[in-house]
Amino acid sequence: QFRSQLSLPPILAELQPLLGRPDYPVYLVGGAVRDAILGRPVHDLDFATAGDAVRLARAVADRLGGAFFLLDAERATARVILSHMDLDFARFRGPTLADDLQDRDFTVNAMALPAGSSDPAEIIDPCGGQRDLGDCLLRVTNPLALQRDPLRALRAVRQSAELELTLEPETLNLVQEAALLLPSVSTERVRDELGRILAGPRPAAAL
């Protein structure tokens with residue numbers, strides 16, 4: 001049973017003057033929305049917007065006294081590092097928010113919430129992430145999700161262990177196929193994901 005009100009970090013209220021723009025709405029996306037639904041602690045925040053995400057990140061860094069880092073100029077992605085959390089800002093991965101969400105890895109990570117809201121009724125969920133959370137399933141958003149980034153095969157294993165989700169059968173097949181492509185991924189990224197698996201709550205099950 002999900003909560004009637006999402007528990008989100010109080011920093012969001014402090015950022016409302018910057019995030020609540022009617023011309024270019026800003027959305028909280030990804031794992032933060034998932035964890036708020038589950039009642040898990042929300043550590044880092046990811047935001048998506050059709051507007052100038054890099055400029056927004058600079059404004060947030062100035063307001064909060066955080067460090068600003070440009071992650072990818074071409075994709076308009078930037079990070080604000082605070083003492084207790086990281087805030088990532090990115091331009092939509094497609095023309096619309098729905099396109100952005102459908103380009104993500106798993107349905108439980110493909111949900112969005114207007115940045116000023118804590119109402120579960122306002123969650124935007126085109127891929128059925130809430131349904132899969134209720135069924136304790138980890139499912140890819142689309143059949144090509146793992147081919148586009150084979151590291152997601154390891155991420156599937158880690159997140160299924162962390163969140164106590166079962167890999168949906170077709171997703172499990174896609175994970176096994178994508179595992180063959182892991183040599184194309186940088187050693188550093190694979191190392192980091194394996195490190196997170198070993199440091200997770202169920203390393204034996206993940207292995």
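A residue is called buried here when its relative accessible area is under 20%, exposed when that area is over 50%, and partly exposed in between. Keep that cut-off at hand as we walk through this structure, which is a predicted model.

Let us begin with the cysteines. Cys127 has a relative accessible area of 14%, so Cys127 counts as buried. Cys136, at 39% relative accessibility, falls in the partly exposed class. What is the number of disulfides in the structure? There are zero. For Cys127, the nearest cysteine sulfur belongs to Cys136 and sits 19 Å away. Because a disulfide needs two cysteine sulfur atoms within 2.5 Å, a separation of 19 Å leaves Cys127 in no disulfide. Seen from the other side, Cys136 is likewise in no disulfide, with the sulfur of Cys127 as its nearest cysteine sulfur.

Next, turn to helix α3, which spans residues 31-38. Why can this helix be described as largely enclosed by the rest of the structure? Six of its eight residues are buried, so the surroundings cover most of the helix. The buried ones are Ala32, Val33, Arg34, Asp35, Ala36 and Ile37; you may like to pick them out in the viewer. Their packing partners include two strands, β1 (26-29) and β2 (45-49), along with β6 (112-114). Helices α6 (129-134) and α8 (151-163) also pack against these buried residues of α3. Just past the end of α3 comes Gly39, whose phi is positive, at about 75°.

Now for the charged side chains. Side chains of opposite charge can pair when their charged atoms come close. This structure holds 14 salt bridges, and a few of them are worth a visit.

One joins Arg104 to Asp100, with the closest N and O atoms 2.8 Å apart. Are the two partners buried or exposed? Arg104 has a relative accessible area of 12%, so Arg104 is buried. Asp100 is buried as well, with a value of 1%.

Another salt bridge links Arg189 and Asp149, and here too the closest N and O atoms are 2.8 Å apart. Arg189 belongs to helix α10 (residues 187-198), while Asp149 sits in the loop between α7 (145-148) and α8, so this pair ties together parts that are 40 residues apart in sequence. Arg189 is partly exposed at 35% relative accessibility, whereas Asp149 is buried at 16%.

Salt bridges can also share partners: Arg131, Asp132, Arg139 and Glu168 are joined in this way into one network. Within the network, the side chains of Asp132 and Arg131 meet at 3.6 Å, N to O. Asp132 is buried, with a relative accessible area of 0%, while its partner Arg131 is partly exposed at 47%.

To finish, move out to the surface. Which residues make the nonpolar patch of about 260 Å²? They are Phe69, Leu71 and Ile81. Leu71 is part of strand β3, which covers residues 67-72. A residue needs over 30% relative accessible area to be counted in a patch, and Leu71, with a relative accessible area of 42%, is partly exposed.

Methods:
Residues numbered from 1 in each chain as written. Predicted model: local features only at pLDDT ≥ 70, side-chain atom pairs only at ≥ 80, totals over all residues. Heavy atoms only, no water. Patch = residues over 30% accessible without salt bridge, like charges linked within 9 Å, V, L, I, M, F, W, Y side chains within 5 Å. Areas by Shrake-Rupley, 256 points an atom, 1.4 Å probe, with all protein chains shown as cover. Salt bridge = Lys/Arg side-chain N within 4 Å of Asp/Glu carboxyl O. Helix = DSSP H or I, 4+ residues; strand = E, 2+ residues; numbered from the N terminus. Buried < 20%, exposed > 50% of the residue type's maximum accessible area, 1.4 Å probe, protein only. Contact = heavy atoms within 4.5 Å.
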